[in-house]
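Here's an informal walk through one small set of features in a single chain. Have a look at the model first, then read on.

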Amino acid sequence: MTLAQSTTHLSCFIEAIALAKHTKCASLDDLKVLLQQKGYEEIVALNTAEELEPQLPIAS
């Protein structure tokens, strides 16, 4: 993973946490769609959503 990819993934992860806390984000698909709407590539959005999925009910 390059530095740019790592930075993008970290940025997406941080944004995903904020989205999960401040929106009605009840599923992996909801979070993935929101991240893609923010401009993140599909694979980055999917990987990030998968990492956070176990905590989605807690965060929302």
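## Starting from Glu-15

Glu-15 is partly exposed, because its relative accessible area is 24%. Before going further, keep in mind that this is a predicted model. Glu-15 sits in helix α1, and setting aside neighbours within four places in sequence, its contacts are Leu-35, Lys-38 and Tyr-40. One of those partners, Leu-35, is 20 residues away from Glu-15 in sequence, with 7.8 Å between the two C-alpha atoms.

## The overall layout

How many helices and strands does the chain have? There are four helices and zero strands, so reading from the N terminus the elements go α-α-α-α. Of the 60 residues in the chain, 28% count as buried. The chain exposes about 4,000 Å², and carbon and sulfur atoms supply 57% of that. As for contacts in the chain between residues at least 6 apart in sequence, 53% of them join residues at least 24 apart.

## Two salt bridges

The structure holds two salt bridges. In one of them, the side chains of Glu-15 and Lys-38 meet at 3.7 Å, N to O. Glu-15 belongs to helix α1 (residues 3-22) while Lys-38 is in the loop between α2 and α3, so this pair ties together parts that are 23 residues apart in sequence.

The side chains of Glu-42 and Lys-32 also form a salt bridge, at 3.8 Å, N to O. Here Glu-42 comes from helix α3 and Lys-32 from helix α2, so the pair ties together parts 10 residues apart in sequence. Is Lys-32 buried or exposed? Lys-32 is buried, because its relative accessible area is 17% and the cut-off for buried is under 20%.

## Where α1 meets α3

Back on helix α1, take Ala-16. Ala-16 counts as buried because its relative accessibility is 0%. Leaving out neighbours within four places in sequence, Ala-16 is in contact with Leu-31, Leu-35, Thr-48 and Leu-52. The C-alpha atoms of Ala-16 and Leu-31 are 7.0 Å apart, and the two residues are 15 apart in sequence.

Thr-48 gives the view from the other side, as a residue of helix α3. Thr-48 is buried too, with a relative accessible area of 0%. Which residues does Thr-48 touch, leaving aside its neighbours within four places in sequence? They are His-9, Cys-12, Phe-13, Ala-16 and Leu-35. Leu-35 also appears in the contact list of Ala-16 and in that of Glu-15.

Ile-14 is another residue of helix α1, but this one is exposed, because its relative accessible area is 51% and the cut-off for exposed is over 50%. The C-alpha atoms of Ile-14 and Thr-48 are separated by 9.4 Å, with their positions 34 residues apart along the chain.

Asn-47 is found in helix α3. Asn-47 counts as partly exposed, because its relative accessibility is 33%. Asn-47 and Phe-13 are 34 residues apart along the chain, and their C-alpha atoms are separated by 9.2 Å.

Here are the C-alpha separations side by side:

| Residue pair | Apart in sequence | C-alpha to C-alpha |
|---|---|---|
| Ala-16 and Leu-31 | 15 residues | 7.0 Å |
| Glu-15 and Leu-35 | 20 residues | 7.8 Å |
| Asn-47 and Phe-13 | 34 residues | 9.2 Å |
| Ile-14 and Thr-48 | 34 residues | 9.4 Å |

## A negative patch on the surface

Which residues gather in a patch of negative charge on the surface? Asp-29, Asp-30, Glu-50, Glu-51 and Glu-53 do. The elements that give two or more residues to this negative patch are α2 (28-37) and α3 (42-52). Glu-51, for one, lies in helix α3, and counts as partly exposed because its relative accessibility is 43%.

Helix α3 therefore turns up in several places above: Glu-42 from α3 pairs with Lys-32 from α2 in a salt bridge, α3 is one of the elements giving two or more residues to the negative patch, and α3 is where the buried Thr-48 is placed.

Notes
Residues are numbered from 1 along each chain as its sequence is written. This is a predicted model: local features need pLDDT of at least 70, side-chain atom pairs count only at pLDDT 80 or more; totals for chains, interfaces and linings use all residues. Side-chain values use heavy atoms; hydrogens and water are left out. Patches are made of residues with over 30% relative accessible area and no salt bridge: like charges are joined within 9 Å, nonpolar side chains (Val, Leu, Ile, Met, Phe, Trp, Tyr) within 5 Å. Accessible areas come from the Shrake-Rupley method with a 1.4 Å probe; for residues, only the protein chains shown count as cover. A salt bridge is a side-chain nitrogen of Lys or Arg within 4 Å of a carboxyl oxygen of Asp or Glu. Lys and Arg count as positive and Asp and Glu as negative; His and the chain ends are not counted. The place of a charge is taken as NZ of Lys, CZ of Arg, CG of Asp or CD of Glu. Buried means under 20% relative accessible area, exposed over 50%, partly exposed in between (1.4 Å probe, protein chains only). Contact means heavy atoms within 4.5 Å.
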